[in-house]
Every structure is written in C-alpha cells, then in structure tokens.
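Biologist: I'd like to learn how to read this model at my desk. Could you walk me through it?

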2 protein chains.
Amino acid sequence: MNVNFNIDDFIKNFQTNCNKVQKKTFYKNQVITSYIEKRNQFCILVSGNADLVRYDLNGNRTIVEHFSKHDVFGEVFYTVSTNNELLVEAREKCEVLIYIYDDIHSKCKNNCKFHQVLSENLPELILSKVTDLNMRIELLTKRSIRDKLLGYFNLLSNRNLSKSFYLSFSLTDLADYLSVDRSAMMREIKSLKEEGFIDKNKNRITLLYK
Amino acid sequence: MNVNFNIDDFIKNFQTNCNKVQKKTFYKNQVITSYIEKRNQFCILVSGNADLVRYDLNGNRTIVEHFSKHDVFGEVFYTVSTNNELLVEAREKCEVLIYIYDDIHSKCKNNCKFHQVLSENLPELILSKVTDLNMRIELLTKRSIRDKLLGYFNLLSNRNLSKSFYLSFSLTDLADYLSVDRSAMMREIKSLKEEGFIDKNKNRITLLYK
DNA sequence: TGAATTTTGTTGCTTTTGCAACAGAAAAAC
DNA sequence: GTTTTTCTGTTGCAAAAGCAACAAAATTCA
C-alpha cells in the first residue's frame with residue numbers, strides 16, 4: 001500500500017509542530033508494536049520493511065500483511081477483536097512514525113500540519129489499504145497451494161511488468177503468507193518447475209506460460 | 001460493515017439535490033452490478049441483502065463479501081485487477097443507491113448535500129470496510145475447515161452476545177464463503193456435533209464450549 | 001396444491017495437504 | 001574465518017480435504 005502524498009514533507013514538518021507524533025528506529029527482528037484493542041496507534045513506515053504476524057494457538061505463524069517503505073499500519077486498521085497475538089516485526093532496520101490518537105477523524109488542538117495533511121489524505125490512505133486486503137483475500141480464497149502460488153507469482157509479475165521477478169519473501173515466509181505448510185508448498189514449487197510452468201533460480205522466478 | 005451517520009437523511013436528500021445518484025430496486029438473484037475496472041461505482045445497500053461473488057476458472061464460486069442493510073460496496077473498494085468475474089447478487093429484494101463518480105474525493109459541482117455528507121463520512125465508512133476485510137482474512141488464514149467454522153461461529157456468537165445464533169447463510173453459501181468444499185464442511189459440522197462442540201437445530205447453532 | 005428446484009446430509013474413493021524428520025546450503029553472528 | 005543459526009529441499013507416512021454421486025428434506029414456483 002503506497003501513500004501518494006509527499007511523505008517526506010510529512011516527516012520534516014511533524015517534529016517542529018506536534019508532540020503527539022514520534023519517530024523511532026527499530027532493528028531486525030525487533031517488535032515494532034503489538035496490536036492492542038483501543039490503543040489507537042497509527043504508524044507510517046518511513047524506511048525498511050516489516051510484517052504483521054499472527055501466532056495462533058496451534059503454533060501456526062501467519063504473515064497477515066507485509067509492509068514496505070511508506071506503508072501504514074496500526075490498530076486503526078485492525079479494529080476486529082482477535083484472540084491471537086498480532087505483532088509487527090521488523091525484517092530489517094526500520095524507521096517508523098508513530099502517532100497515538102484519541103480520535104483519528106478530529107484535528108489535534110495544535111492544529112499542526114501533520115494532522116492537517118493526515119486528515120486530508122486519510123480516505124486515500126485507507127482506500128489503498130482496502131485494495132491490498134482485497135488482493136490478499138483473492139489469494140487466500142484460491143483452493144489449492146498451486147493456485148495460491150500462481151496467483152501470487154502473477155501479482156508480482158504484473159507489478160514488475162515482467163515475467164521475471166524476485167521474491168521478497170523467503171520461502172518459509174511465503175508459506176506463512178499464503179497460509180500453507182512449507183514442505184507442501186516446496187513440493188508444489190517443484191512440480192511447477194517440472195511441469196514447465198515456472199523457472200526458479202535462487203529467489204528469481206520466471207513465468208513460462210501466458 | 002455498518003454506516004453510523006444517518007443514512008435515512010442521506011436517502012431523503014439526494015433526490016432533490018443531485019442527479020448523479022440513483023436509487024434502484026433489484027429482486028432475488030438479480031445481478032446488482034459487476035465490478036469493472038475504472039467504472040467507479042459507489043453503492044449503498046438501503047435495504048435487503050446481497051453477496052459479492054467471484055466465479056473462477058475452475059468453476060469454483062466464492063462469496064467474497066456479504067452485504068446487509070446499510071453496507072457499502074462498489075469498485076471504489078476493489079481497485080485490484082482480477083481475472084475473475086466479480087458480481088454483486090441480490091439474495092432478496094434490494095434497494096440500492098448507486099453513485100458513479102469521477103473522483104470520489106472531490107465534491108461535485110452542485111455541492112449537494114449527498115456529496116457533503118459522503119466526503120465527511122468517507123474515512124469512517126472505508127475504515128469499517130477494513131475491519132470487515134481483516135476479519136475475513138483472519139478466517140481464511142485458519143488452516144483447517146474446523147478452525148474456519150469455529151472462527152465463524154465465534155464471530156456470530158460475539159456479535160449476538162449469545163452462545164446461540166442463526167446462520168444467515170445457507171450451508172452451501174457458507175462453504176463458498178469459507179472457501180471450502182461443501183461436503184467436507186458438512187462432515188466437519190457432523191464431527192463438531194458428535195464431539196459435543198456445537199449443537200445444531202435447523203439453522204440455529206449453539207456453542208457448547210467456552 | 002402439486003411439480004420443480006434447491007439444499008441438506010451422507011458416503012466411498014482419490015488427491016492434496018500437513019507433519020516430522022533430516023541433510024546440505026546459505027546466511028548471520030562471533 | 002569459523003561456528004552457529006536459519007533456510008532450502010526432500011521424503012514417507014498420516015490426516016484432511018476434495019470430488020462425485022445420490023436420496024431425502026425443504027423450499028420455491030406456477
């Protein structure tokens with residue numbers, strides 16, 4: 001999910017004007033935040049990349065969302081009450097703008113630029129989130145591991161405007177993202193190669209069909 | 001997904017003030033709309049209920065979303081390009097407000113009340129969509145049919161503030177909503193009954209645990 | 001009301017997926 | 001540069017899910 005307004009202006013201006021927004025730095029594998037009901041965090045990933053991860057009672061790990069530069073996250077986007085722990089984990093060094101708000105729709109007393117820009121762009125911001133989530137649902141509703149893989153590869157291929165692309169996930173993480181068993185996924189990738197649907201060199205995939 | 005501002009005011013006012021918004025009536029099994037890229041429809045379900053349905057190349061039917069009174073839908077919420085057909089089908093008689101916009105963020109020339117109220121409430125509206133979609137993803141990432149069923153039942157139980165509740169889906173539709181095979185789902189429901197997790201009378205479910 | 005259609009419930013069989021375990025390769029840490 | 005850890009690739013076996021088909025029940029239609 002990418003924010004279209006100028007995020008660099010955003011980052012430059014908030015410090016002088018608003019005390020409700022903080023910029024923090026996190027390092028690989030650190031927990032940036034855990035989702036807690038009613039603690040209304042709104043975060044912008046300034047640099048780096050991170051995952052929203054859920055651990056369920058059976059010990060399964062699911063990558064719910066993957067965030068890269070300029071993506072937004074936080075409880076504001078996840079009001080649903082869940083029994084499971086939801087963590088945002090840094091995959092590498094990450095700079096994050098964190099804003100804990102009382103009411104995201106109303107402006108702060110300071111009437112600072114941060115809130116002005118935020119409220120102006122909130123619909124667009126959230127709308128792009130909806131797009132991401134719909135894409136994710138489309139993948140998850142596919143009935144077989146093969147279809148999930150091909151759906152995901154297609155997506156990357158379209159984004160990259162090329163039949164070849166690099167996986168940004170490790171295969172272990174990809175399995176957790178597609179919500180399937182890793183070894184079963186590996187077996188399926190093997191079959192896709194053997195049947196001539198794809199080519200795979202390290203983490204570079206090439207689609208051989210269409 | 002429920003809209004909190006007064007939708008009845010909304011409906012009352014648009015007709016006199018704005019020619020870009022239409023109210024239409026649909027009957028059971030009619031197609032309310034099909035999602036087409038760049039035709040930016042924004043719809044509000046005034047009464048009745050409907051499903052967003054996807055048919056894939058393998059002949060599988062998936063209920064992507066279920067809409068009831070006051071839910072909103074349309075291409076504005078589904079920018080992702082998909083290969084599959086996406087239809088909104090009426091489950092019963094439905095009244096729908098349809099608004100085809102050029103730019104949902106900008107006000108129309110008439111400066112009518114409809115657009116004023118719409119733009120004021122757009123963030124909240126879309127945010128509630130995000131909540132719905134996250135709930136859906138949580139269900140879909142569950143690894144077994146049993147966990148999907150229990151997750152869905154839990155949700156209904158929480159909404160209803162009771163261990164007992166009625167299914168609004170037929171079992172055939174529920175399978176399409178959870179994205180699993182119907183007969184496998186039926187087998188699982190049977191096991192849940194036999195193992196004493198749930199009780200089922202017609203379309204009334206009672207949770208016997210927790 | 002009676003006929004037609006849809007939904008529910010069930011089963012045998014097949015295919016897919018998950019689990020557990022392990023070895024080698026690659027990457028990270030020291 | 002060596003050790004430790006993580007990731008990849010693979011397999012045999014078990015469990016779960018899908019497919020196909022059918023009868024009975026319920027619902028809709030005419």
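Biologist: Let's start with a strand. Which residue stands opposite R54(A)?

Modeller: Strands of a sheet pair through backbone hydrogen bonds, either parallel or antiparallel. Here, R54(A) has T62(A) of β5(A) across from it. The strand β4, residues 50–55 of chain A, pairs with β5(A) in the antiparallel sense, over six bridges. For the pairing call, DSSP must find at least two bridges between two strands. Helices (H or I, at least four residues) and strands (E, at least two) are DSSP runs, numbered from the N terminus.

One caution before we go on: this is a predicted model, so local features need pLDDT of at least 70 and side-chain atom pairs pLDDT 80 or more, while totals for chains, interfaces and linings use all residues. Residues count from 1 along each chain as its sequence is written, chains are lettered from A and ligands numbered from 1 in the order written, and side-chain values use heavy atoms, without hydrogens or water.

Biologist: In what order do the strands of that open sheet run?

Modeller: It's β2-β7-β4-β5 in chain A, four strands with antiparallel pairing. At the edges stand β2 (31–34) and β5 (61–67) of chain A; each has a single partner strand, so one side of each has no neighbour in the sheet.

Biologist: Okay, helices next. Why is α4(A) described as largely enclosed?

Modeller: Because six of its eight residues are buried, where buried means under 20% relative accessible area, exposed over 50% and partly exposed in between (1.4 Å probe, protein chains only). Among the buried ones are D173(A), L174(A) and Y177(A). Right after α4(A) comes S179(A), with a positive phi near 65 degrees.

Biologist: Now the DNA. Which residues are closest to strand D?

Modeller: Look for T172(A), K190(A), S144(B), I145(B) and D181(B), the closest of 20 residues around DNA strand D; near means a heavy atom within 4 Å. Of the strand D atoms that come within 4 Å of the protein, sugar and phosphate make up 54%. Two contacts go to phosphate oxygens of strand D: a backbone N or O atom of T172(A) sits 3.0 Å away, and a side-chain N or O atom of K190(A) is at 2.9 Å. With the bases, S183(B) puts a side-chain N or O atom 3.0 Å from a base nitrogen of strand D. On chain A, α4 (171–178) and α5 (182–194) each supply at least two residues of that surface, as does α5 (182–194) of chain B.

Biologist: And what does strand C touch?

Modeller: Strand C also has 20 residues around it, with I145(A), D181(A), S183(A), T172(B) and K190(B) closest. A backbone N or O atom of I145(A) is 2.8 Å from a phosphate oxygen of DNA strand C, and R187(A) has a side-chain N or O atom 3.0 Å from a base nitrogen of that strand.

Biologist: Last one, rings. How are F67(A) and F73(A) arranged?

Modeller: Their centres are 4.9 Å apart and their planes at 20 degrees, so the pair is stacked. The rule: rings of Phe, Tyr and Trp (its six-membered ring) pair if their centres lie within 6.5 Å, with planes under 30 degrees apart stacked, over 60 edge-to-face and the rest tilted. F67(A) is buried at 1% relative accessibility, and F73(A) is buried at 0%. By contrast with that stacking, F153(B) and F165(B) form a tilted pair, 6.0 Å centre to centre with 45 degrees between the planes.

Technical notes
Polar contact = N/O pair within 3.5 Å; in protein donor to acceptor, adjacent residues only side chain to side chain.
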